[in-house]
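User: Hi! I have a chain open on my screen and would like to talk it through with you. Can we go over it together?
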Amino acid sequence: MTTTLPAEAHLPGAVPLSGETMLLDDAARLSAAAAFVRHHESAGLLPLLLPGLGGAELASVSAYCRFAHVGILLFPRDPQHLRELLASGGLAADTPSRPSVVVRERLAGRHRRDLADLDVRILRPRVDGPADEPRAVEVFALSVPTGSGLEAVAAHERALGHETHVAFELEAPEPLVLRGLCAVLARHGARPDGGGYNPHENGTVLYFSTPDSTCGFRRVELYAPGDHREILTAHVGERPGTERPAETLLHLLTGAWTTQALAAFARLRLPEAMDPAGATGLRELARRTGTHPEGLGTLLRYLTMLGAVAEETEAADGEAAFRLTPLGRLLRADRPDSMRSLALMYGGPFYRSFGALDHAVRTGRPGFDHFFGENHFDHFARDPELADLFDRSMAASSRMFEPLSEHPVITAAARSAVPRTVVDVAGGTGELLRRLLTAHPALRGTLLERPHAIEAARRALGSSECGARCDYRGGDFADVPDGGDVYVLSRVLHDWDDDRCREILGHCARAMPAHADLLIVERLLPTDGSPSLATAWDLHMLCNVGGRERSAEDYARLLADTGLTLVDRSPLPLEAHVLHARKTR
């Protein structure tokens, strides 16, 4: 069931400005907003807001974005009037409020008013969605006392509905995820429409206009817990550092603190020590983890600013208490979607090797090799514990590419009357192959990897229902098994220079039967200079691996050099792409 909330100007009683008719108008708008929130799901709402968004890309965006609320601006005379409005809309009249920053500034700018003249509060009365999922109607309340002179502001805002929007909250508010979602929205017609950071709740808001929306809303909010002002700066169209260059530069220079704070959070096993369903007192948490209470408090307050934990304002015994947020829960080791291994990698060996970035820039040779005295593949292979950490970090990040199971090449192979085999070349511990085989029980799989990774893969896949359909080959790229139907190179080619990539692709081409397909998963460098996650990974490849990210045209040339043809490419989450190639006929 869906309920569409029309544009503000078309709601009942949109014009009356005072007395009981104004109460009736705002109450009707609240009721309509609450009904909309109750009956929509992310997967059904997103295509209405962004026509064209569908398939695997829709599934991925829905997984990262939770439909959280509908936002609406009201104009009560006083606090009692606001409580009456909430009650008449079937919402909790005693909902607590806090000061607005973003909407207050937007109103002041639109109407050339002094901020001191505008008292704007935010309230989020709860509304239960399908299956009792907790959601809200986000109420912005601009106080319009009788005779205040703000009646014209209220009339304008009510008629045009500038602040009316639907909002999605990021389940994992990590900067890379947020940048990737912004790119997806832009690709489907959404346009940046302001935003802001609210220090009262430590949250970042990005607004988009959606001119092609078919559900009555023309504005979407992405809400990310934590301080993401760097992304906000790019979103609102300002060059970083334009307004306050010293502050911006200082914020950038201290980015290393963020990496180490999250890594320390994981290394100290703090996420596992915190109560999963509530807050844990500081002294108790220090006792459980063997840490210094004062030092732990300093770390947790910084993590609160990042959005990894939240501080409870009223602990039972008066001391500070902290609870995990959805972001922080991703660093628990016992979660199937855990990103703990990534935190330990980026805060461990890859963090140390980035200290040799200047060496990589001067010489073109990896900073990792310079710092550790050997390349990262050999370094990890000699240390089983580190090798296991690296493989687990790769498996953790492979969840970003889950929509690959719905690629037409994979689904066609799964529907074949003859059993088809997917060959995952250098597939780590087999996480991606496991996902493909689990999604399609008719498929078989072959994993080619280094011997130590093969053993880890046997353990991981052997415990799943698809283990019996998977074969294992220990070896190098020269050992790509022939006779497969679909070959997969997921995040492999960016590890290597062009000559080595040609060798790898040549081994695949020689092994592939004439009918076989090759799927390559990589991020693609933009050709127009636009901001991209691939640009960041290009720097990572330079410093730590000696490889590089490439454009689609670069990959097309490498494929052509090895007797393969790029057939097409399609987007995956977080600015990744899957490139489909076949043998040149």
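User: How much accessible surface does the chain have, and what part of it belongs to carbon and sulfur atoms?
Analyst: Happy to help! Keep in mind that this is a predicted model. The accessible surface is about 25600 Å², and carbon and sulfur atoms hold 54% of that.

User: And how many of the residues are buried?
Analyst: Of the 585 residues in the chain, 52% are buried.

User: What about the overall shape, what does the radius of gyration say?
Analyst: The radius of gyration is 26 Å, which agrees with a compact globule, because 585 residues in such a globule would give a value near 25 Å. Along the principal axes, the C-alpha atoms fill a box of roughly 80 × 55 × 45 Å.

User: Which helices and strands should I look for, I mean how many of each?
Analyst: The chain has 26 helices and 19 strands.

User: Let's pick one, α13. Where is it, and what distance lies between its end C-alpha atoms?
Analyst: Helix α13 covers residues 293-306, and its end C-alpha atoms are 20 Å apart. That agrees with expectation, because 14 residues at 1.5 Å a residue should span 20 Å.

User: Which of its residues are buried?
Analyst: In α13 the buried ones are L296, G297, L299, L300, L303, T304 and L306.

User: What follows the helix?
Analyst: G307 comes after α13, and its phi is positive, near 90°.

User: Switching to charges: how far apart are the mean positions of the positive and negative ones?
Analyst: They are 2 Å apart, taken over 63 positive and 78 negative charges.

Key:
Residues are numbered from 1 along each chain as its sequence is written. This is a predicted model: local features need pLDDT of at least 70, side-chain atom pairs count only at pLDDT 80 or more; totals for chains, interfaces and linings use all residues. Side-chain values use heavy atoms; hydrogens and water are left out. Helices (H or I, at least four residues) and strands (E, at least two) are DSSP runs, numbered from the N terminus. The radius of gyration is taken over C-alpha atoms; the globule rule is 2.2 Å times the number of residues to the power 0.38. Buried means under 20% relative accessible area, exposed over 50%, partly exposed in between (1.4 Å probe, protein chains only). Accessible areas come from the Shrake-Rupley method with a 1.4 Å probe; for residues, only the protein chains shown count as cover. Lys and Arg count as positive and Asp and Glu as negative; His and the chain ends are not counted. The place of a charge is taken as NZ of Lys, CZ of Arg, CG of Asp or CD of Glu. The expected span of a helix is 1.5 Å times one less than its number of residues.
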